[in-house]
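Here are my notes after going through this one with the coordinates open. I've kept them as separate points, so feel free to jump around.

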Amino acid sequence: SRAFPDQDVYTTPVYFSSDWLNEYWDAVAVDDFRFVYMGPKGSWTPFHADVFRSYSWSANVCGRKKWLLYPAGQEEFLKDCHGNLPFDVTAPDLRDKRIYPRYSQSQPPLEIIQEAGEIVFIPSGWHHQVYNLEDTISINHNWVNGCNVAVMWSFLQDELAAVQREISQWKDPMDDWHLQCQLIMKSCTGIDYKEFYNFLKVIAENRISILEKGLDEESSSQNNSKAAISTLGMLHAVFDLKRTVKVLSSLSANEDFRKLDLSSLSPSPEALLQLLESAIDTALL
């Protein structure tokens, strides 16, 4: 699909088309969070939650999968005495109270058998483990939008706090300790606070452009993020801007963000917030 963009190999279902994650990574032309998974019968994916606590969807082209799903928060009962999650939630060791003291408090997983032609949606923060019951090919996207971008922001704050705890003993002798924390967080998660700001900026500017200029007929027919925004409608664009304002306001007030050199950010967070609020007000007149 990436090598032959003119060939519409597949179309993202409309329910999943408000996809900020891939919209941003397409804009910076680095990579994306779209995957094709191919696995033989018996292969499986260990217990995990998706990148940035994003949503994900998985469409089976052929084959069958078995999913074991735990709602967000249930993973706390599955941690061992050191706070680590299991590699395999079906392992007999989980029943050993000396190793997994809270396992008995967990709910049984939601089990799904996914057939060819079916799509599974995974909500933010739902940990899961997946088995290929047959030779299987699936298309998968990780995605974020206005409904879960606040979850992504909370995840990044938790990740930074974990890094800060881990290297707290070097805080005083290290002049650039805060920068080092951002660097380590980016190496672990794939993003830091300044890139998260740029992520919000790209999303916001795309929606402001649609609200101000609309979309020409040629662009509307294309299979890209701006066409998806237009298809979802102007009220959806306003909804996205409102959610962006809420998260951007929290980011701008964040102590760790304010300690960074923000002079390279254009526009400034304050100016971007004013621009967003003005665009919302104009759109609602």
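1. Let's begin with a strand pair. Strand 4 (residues 65-70) lines up with strand 5 in the antiparallel sense, and five bridges hold the pairing. If you want a spot to zoom in on, Trp 67 sits opposite Ile 112 of strand 5. Keep in mind throughout that this is a predicted model.

2. That pair belongs to an open sheet of four strands, ordered 2-7-4-5, with antiparallel pairing. Its edges are strand 2 (44-48) and strand 5 (110-114), each of which has a partner on one side only. Ignoring direction, neighbouring strands here are turned against each other by 15 degrees on average.

3. There is also an open four-stranded sheet with the order 1-8-3-6, and the pairing is again antiparallel. Strand 1 (34-39) and strand 6 (119-122) are the edge strands, pairing on one side only. From one strand to the next, the twist averages 20 degrees.

4. Within the 1-8-3-6 sheet, have a look at strand 1 and its partner. Strand 1 and strand 8 (residues 136-143) run antiparallel and are joined by six bridges. A handy landmark is Tyr 37, which stands opposite Ser 138 in strand 8. Helix 1 (residues 20-28) packs on this sheet, where it touches both strand 1 and strand 8. The direction of helix 1 makes about 85 degrees with that of strand 8.

5. Now for the overall layout. The chain splits into domain 1 (14-143) and domain 2 (148-283). Their C-alpha centres are 25 Å apart. Both of the strands just discussed, strand 1 (34-39) and strand 8 (136-143), fall inside the bounds of domain 1.

6. How much area do domain 1 and domain 2 bury between them? The figure is about 1,700 Å², with 69% of it on carbon and sulfur atoms. In terms of residues, 16 from domain 1 are in contact with 23 from domain 2.

7. What about polar links across that interface? Between domain 1 and domain 2, five residue pairs are in polar contact, counting pairs with both residues at pLDDT 80 or more. Helix 1 supplies the largest share of the side of domain 1 that touches domain 2, namely six residues. So far, then, helix 1 has come up twice: it packs on the 1-8-3-6 sheet, and it contributes to the domain interface.

8. Which side chains meet in a salt bridge at 2.9 Å, N to O? They are those of Arg 207 and Glu 23. The count for the model comes to nine salt bridges. The Arg 207 and Glu 23 pair links distant parts of the chain, with Arg 207 in helix 4 (residues 193-213) and Glu 23 in helix 1, 184 residues apart. Across the interface of domain 1 and domain 2, one salt bridge is found.

9. Two backbone details deserve a look while you have the model open. Ala 29 has a phi near 55 degrees, a positive value in a residue other than glycine. You'll find Ala 29 in the loop between helix 1 and strand 1. The other detail is a cis peptide bond between Ser 266 and Pro 267, with omega about 0 degrees. Pro 267 is in the loop that runs between helix 8 (255-258) and helix 9 (269-284).

Terms used. Residues numbered from 1 in each chain as written. Predicted model: local features only at pLDDT ≥ 70, side-chain atom pairs only at ≥ 80, totals over all residues. Heavy atoms only, no water. Pairing = 2+ DSSP bridges. Axes fitted to C-alpha atoms, helices over the stretch in contact; angles between N-to-C directions. Contact = heavy atoms within 4.5 Å. Domains from an automatic or database assignment. Buried area = accessible area lost by both parts, 1.4 Å probe. Salt bridge = Lys/Arg side-chain N within 4 Å of Asp/Glu carboxyl O. Polar contact = N/O pair within 3.5 Å; in protein donor to acceptor, adjacent residues only side chain to side chain.
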